[in-house]
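Biologist: Please take me through one part of this model closely. I would like to see the main nonpolar core and the sheet and rings around that topic.

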Amino acid sequence: MNVQSWTGFDDPRFGYGSMTHGFRGALPKTVTLDPKGSVNVHMSVPNVYKGWFVGQHRVLFSMWETDVLPADFCNWLGQYDQVLVPCDHNAELFGRVCGDVRVVPLGVDRKVWFPRERPGGEVFRFAAGGSLWQRKGLDIVVEACNRLKLRNAELHIKAAPHARDTPTKPLGKNIFLHRQWMTLDQQVEWFNEADCYVAVSRGEGFGLMPLQAIALGVPNIVSLTTGQTQFAGLATYQISCAKSEADTVGMWDEPDLGEVMDTMLDAYRNRERNNVVARKQAAYTSNWTWSKAVKQLLQAVPTGTLLDDPEWVTPNVEVDIRVKRRVNADIGKHNYRMVPLRTVGSLKPSFLPVRLVGLTVKPASAFTLVG
């Protein structure tokens, strides 16, 4: 028996939660999940790790979408014995900081995502989606749609209710925003109504939504970025990218707008041809199932056992905080009074450093922080 402890964000409505849900749903009978398993796989960003038991093999399953890891990621990576990532881009990226990095691609549930009858109709329906407007390239799809002004065409965008960067102003004629949570059946129906799914993201850890569209047999447009390159060979159309500055750190991939427009126009003009091609390509998603993903995960990490009377250990991450004003903060069981030090003579301003253990800091744009 292989005893594992898989932790992390598990709400399937969100990206990491969908990943965790997919892995757990395909767990073989030979594996038992138990918090005291000797192997702890944490499926989330590294800096929300709450701790582990003494003796556990600590594994991080994470991802990032630009060419530079954030500082708060790097500060925490030393807590882990091993890192799993879903694409080759992330293997190179995390490999700059970590010694043991393995690629374990994600998958789809082909009992849910498989070709079925499509509604069709006079109106050609483009679809796109994601919770981060810029990174998902939704602004590019909107601009392409507005410039093309295709007759009898609509663009439907699926955005999460919690997304804060979704535009509030009207997006354009025949462009519709869907911001409600959907059940799994509703998601399948929404994807299946599309004549073409457009995934021109600037960066992906993997890219579950376009892979789901491919599995449904929906014609699709996929940008050749980061995680999406893992399965882009199954796409109906592929969009080349240049580089642009990311809204986080580093650079990400910038899909060519003119190429996106030309491709959307070709999809619009060749609906029936693309339906045939996409339906054939859907069969090849048998190589991208959650069952195969779980098998690769279990091959990448040690076989676990059950720990006896383990002792809980919190992360040993030290963060220096520099404050510009007085702060009185209760963190855990401790109270911290932080006071900035004033400039003395010709010296530059200095600040009182406060060392905190296991604290996730906010971005430097909100406070002046180092760590």
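Modeller: Here is a walk through the core, its rings, the sheet and two loop residues. This is a predicted model, so local features need pLDDT of at least 70, side-chain atom pairs count only at pLDDT 80 or more, and totals for chains, interfaces and linings use all residues. Residues are numbered from 1 along each chain as its sequence is written, and side-chain values use heavy atoms, with hydrogens and water left out.

Start with the core. A nonpolar core is a set of buried Ala, Val, Leu, Ile, Met, Phe, Trp, Tyr and Cys residues joined through side-chain atoms within 4.5 Å. Buried means under 20% relative accessible area, exposed over 50%, and partly exposed in between, with a 1.4 Å probe and protein chains only. In soluble globular proteins, nonpolar side chains tend to be buried together. The largest core here has 45 residues. M19, F23, F61, Y197 and L297 touch the most other members. Elements giving two or more residues to this core include α1 (15-25), β5 (57-61), α6 (208-216) and α9 (290-300). Helices (H or I, at least four residues) and strands (E, at least two) are DSSP runs, numbered from the N terminus. The largest share, 7 residues, comes from α6.

Now look at F23. Contact means heavy atoms within 4.5 Å. Leaving aside neighbours within four places in sequence, F23 is in contact with W6, M43, F61, V104, L106, W290, A293, V294 and L297. Apart from this core lies another, of 28 residues, among them F126, I157, I175 and V198.

Next come the rings. Rings of Phe, Tyr and Trp (its six-membered ring) pair if their centres lie within 6.5 Å; planes under 30 degrees apart count as stacked, over 60 as edge-to-face and the rest as tilted. The structure holds 17 aromatic pairs. The F23 and F61 rings have centres 5.3 Å apart and planes at 55°, so this pair is tilted. The pair links distant parts of the chain, with F23 in helix α1 and F61 in strand β5, 38 residues apart. Both F23 and F61 are buried. W6, F23, F61 and W290 form one aromatic cluster.

The sheet comes next. Two strands pair if DSSP finds at least two bridges between them. An open sheet of 6 strands runs in the order β2-β1-β3-β5-β6-β7, with parallel pairing. Its edge strands are β2 (31-33) and β7 (101-103), each pairing on one side only. Axes are lines fitted to C-alpha atoms, for helices over the stretch in contact, and angles run from 0 to 180 degrees between N-to-C directions. Neighbouring strands are turned by 30° against each other on average, direction ignored. Between β6 (residues 82-85) and β7 there are 3 bridges, and the two run parallel. L84 has R102 in β7 as its bridge partner. Helix α1 lies across β1 (2-8), β2, β3 and β5, at about 140° to β3. Helix α3 (residues 88-95) packs on the sheet too, touching β6 and β7, and its direction makes about 175° with that of β7.

Finish with two loop residues. T226 lies in the loop between β12 and β13. Its phi is near 30°, a positive value in a residue other than glycine. T226 has 9% relative accessibility, so T226 counts as buried. D309 is found in the loop between α9 and β16 (312-313). The phi of D309 is near 45°, also positive. D309 has 76% relative accessibility, so D309 counts as exposed.
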